[in-house]
Amino acid sequence: MPLDGSFRTIIEPFRIKMVEPIRMTRRAERRVLLAEAGYNPFLLRAEDILIDLLTDSGTSAMSQEQWAGMMRGDESYACARSWYRFRDTVERIFGFEHVIPTHQGRAAEALLFGTLVRPGQRVLNNHHFDTTRANVESSGGLPIDLPCPESIDPATDHPFKGDIDLERLAQELKEHGSSGVALVMMTLTDNTGGGQPARLANVQAAAELSRSHGVPFYLDACRFAENAWFIKLREDGQGDRTIPAIVSDLFAAADGCTFSAKKDAFANMGGFVAMRDSSVARTERNRLILTEGFPTYGGMAGRDLEAVAVGLEEILDEDYLHYRIASTSYVHRSLDSAGVPLLRPAGGHAVYLDARRCLPHLEPRQLPGQALVAALYEEGGVRSCEIGTVMFGRRNPQTGEETPADRDLVRLAIPRRVYTQSHMDFVIEAVRRVYEQRDAIEPLEFESQEPVLRHFTARFRRPSSRAALEAEVS
Ligand SMILES: Cc1ncc(COP(=O)(O)O)c(C=O)c1O
């Protein structure tokens with residue numbers, strides 16, 4: 001272990017130099033605010049949140065070195081100093097020859113799929129995340145998830161639930177070949193599947209299979225360092241290796257990657273797509289100029305390029321990764337011992353509540369995940385995110401019928417370097433209180449929704465309040 005093994009207490013490996021006050025709210029106030037926001041926490045004002053676990057994306061606290069980098073940012077339009085620092089850092093860590101900067105991960109996805117996917121082609125992944133799925137679909141592709149069988153049951157423990165199912169991958173590749181499969185991707189860690197890691201050996205085997213069918217293999221690298229830490233902790237033969245060595249092996253297997261710097265680069269904005277193939281790079285650069293900006297800044301300011309370059313170095317620190325993964329599993333362990341149904345084991349960046357098992361009195365069409373999200377905000381001012389029927393279910397535009405997702409989870413995503421252990425203790429208490437009152441949690445239904453990525457903007461209502469309103473009107 002990187003920290004002195006004789007201490008049981010794991011401390012945050014940083015001190016706090018600047019603080020951001022939290023505005024205290026009361027339950028009665030929160031009930032009104034949530035109803036006004038259509039029971040969708042994405043639509044709540046951030047100042048009305050006590051602990052914000054909506055996402056770990058873009059919400060990190062930057063270090064003093066990152067802020068110093070911001071001041072050094074070179075804002076020249078073309079070929080700025082900050083670009084070379086960014087590019088060289090990405091090349092050194094990930095080993096790709098071509099680096100294309102974007103304003104965030106989904107812009108990298110749009111460039112990649114817009115270039116590689118032809119209408120009707122499949123994209124295979126352990127699990128597409130929401131923006132990844134939406135970008136494949138908007139390029140005319142068919143996103144197919146191939147999670148490993150061990151990941152299907154949220155209640156069972158398995159160290160590498162983020163593995164791709166190699167048997168199904170082989171079948172898909174055999175059946176559809178390079179004309180039918182545009183690319184294979186693996187998401188590290190698997191956010192949709194519970195922040196679960198993939199083995200290095202699984203990534204290498206998937207890459208080999210893809211290569212043998214002439215299909216490009218890419219990594220969705222948002223949480224690459226957290227995945228690498230799990231590999232070091234759990235994979236046979238990896239325990240004595242350094243994080244940069246594991247990272248280097250992961251990316252040596254791939255033809256390229258997409259990256260949102262808002263996760264494992266501690267940046268508030270930024271991303272890139274990187275690859276070895278120069279003709280793919282050329283097409284993507286041309287698209288980049290059209291949509292994001294000149295190829296040496298893409299969608300980022302010089303100061304963002306600096307912050308990402310510094311963050312990418314900091315994330316590889318083993319003391320930090322040790323603390324990070326231990327603090328997530330602390331929340332998981334505490335909720336687990338209180339009997340709250342969870343996706344097991346703890347993810348890297350988040351703890352996922354199993355809403356269907358928490359609220360067995362609600363059918364999937366009654367949106368148990370969203371109902372739990374609402375209850376958690378009302379009870380403790382904690383903002384969380386549904387990953388279930390609201391995010392991944394589908395509405396038939398003709399009949400209006402809802403097809404639920406495979407599972408209904410509530411993600412408590414932990415921003416990097418932002419909250420202390422007492423904040424997490426408060427979250428644990430809030431979840432326990434909600435779980436104790438679970439039988440009283442009411443269902444929700446859609447009031448309005450958009451056809452793409454509906455969870456961001458949808459509005460909901462409680463059927464009981466609709467019924468009351470209808471009675472009043474009649
Ligand atoms: C696995 C994964 N891929 C891609 C993205 C998209 O990144 P961004 O939000 O920067 O567009 C996310 C964001 O949460 C993600 O978790």
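**Close-up views of a predicted model**

**View 1. The surroundings of the ligand.** In this predicted model, 14 residues lie around the ligand, and those that come nearest are Gln104, Gly105, Arg106, Phe129 and Ser260. Look for two helices here: α4 (105-116) and α5 (130-138) each supply at least two residues of the shell. By class, the shell around the ligand holds nine polar, three charged and two nonpolar residues.

**View 2. Strand β7 under cover.** Ser260, one of the residues that come nearest to the ligand, belongs to strand β7 (residues 256-260), where five of the five residues are buried. Both faces of this strand are covered, with Gly256, Thr258 and Ser260 buried on one side and Cys257 and Phe259 buried on the other.

**View 3. The partners of β7.** Follow β7 to strand β6 (residues 217-220), and you will find parallel pairing over three bridges. Here Tyr218 has Gly256 of β7 as its bridge partner. With strand β8 (residues 271-275), β7 runs antiparallel, and five bridges join the two. Thr258 has its bridge partner in β8, namely Val273.

**View 4. Where the two domains meet.** The domain assignment divides the chain into domain 1 (27-56 + 317-473) and domain 2 (64-314). Their centres, taken over C-alpha atoms, are 27 Å apart. Domain 1 brings 22 residues to the contact, and domain 2 brings 22 residues.

**View 5. The side of domain 1 that touches domain 2.** On this side, α12 (318-337) and β9 (350-354) each supply at least two residues. The largest share, five residues, comes from α12. Sorted by class, this side of domain 1 has 11 nonpolar, eight charged and three polar residues.

Definitions and conventions:
Residues numbered from 1 in each chain as written. Predicted model: local features only at pLDDT ≥ 70, side-chain atom pairs only at ≥ 80, totals over all residues. Near = placed C-beta within 6 Å. Helix = DSSP H or I, 4+ residues; strand = E, 2+ residues; numbered from the N terminus. Nonpolar A, V, L, I, M, F, W, Y, C, P; charged D, E, K, R; others polar. Domains from an automatic or database assignment. Contact = placed C-beta atoms within 7 Å. Buried ≥ 20, exposed ≤ 12 C-beta atoms within 10 Å, placed from the backbone. Pairing = 2+ DSSP bridges.
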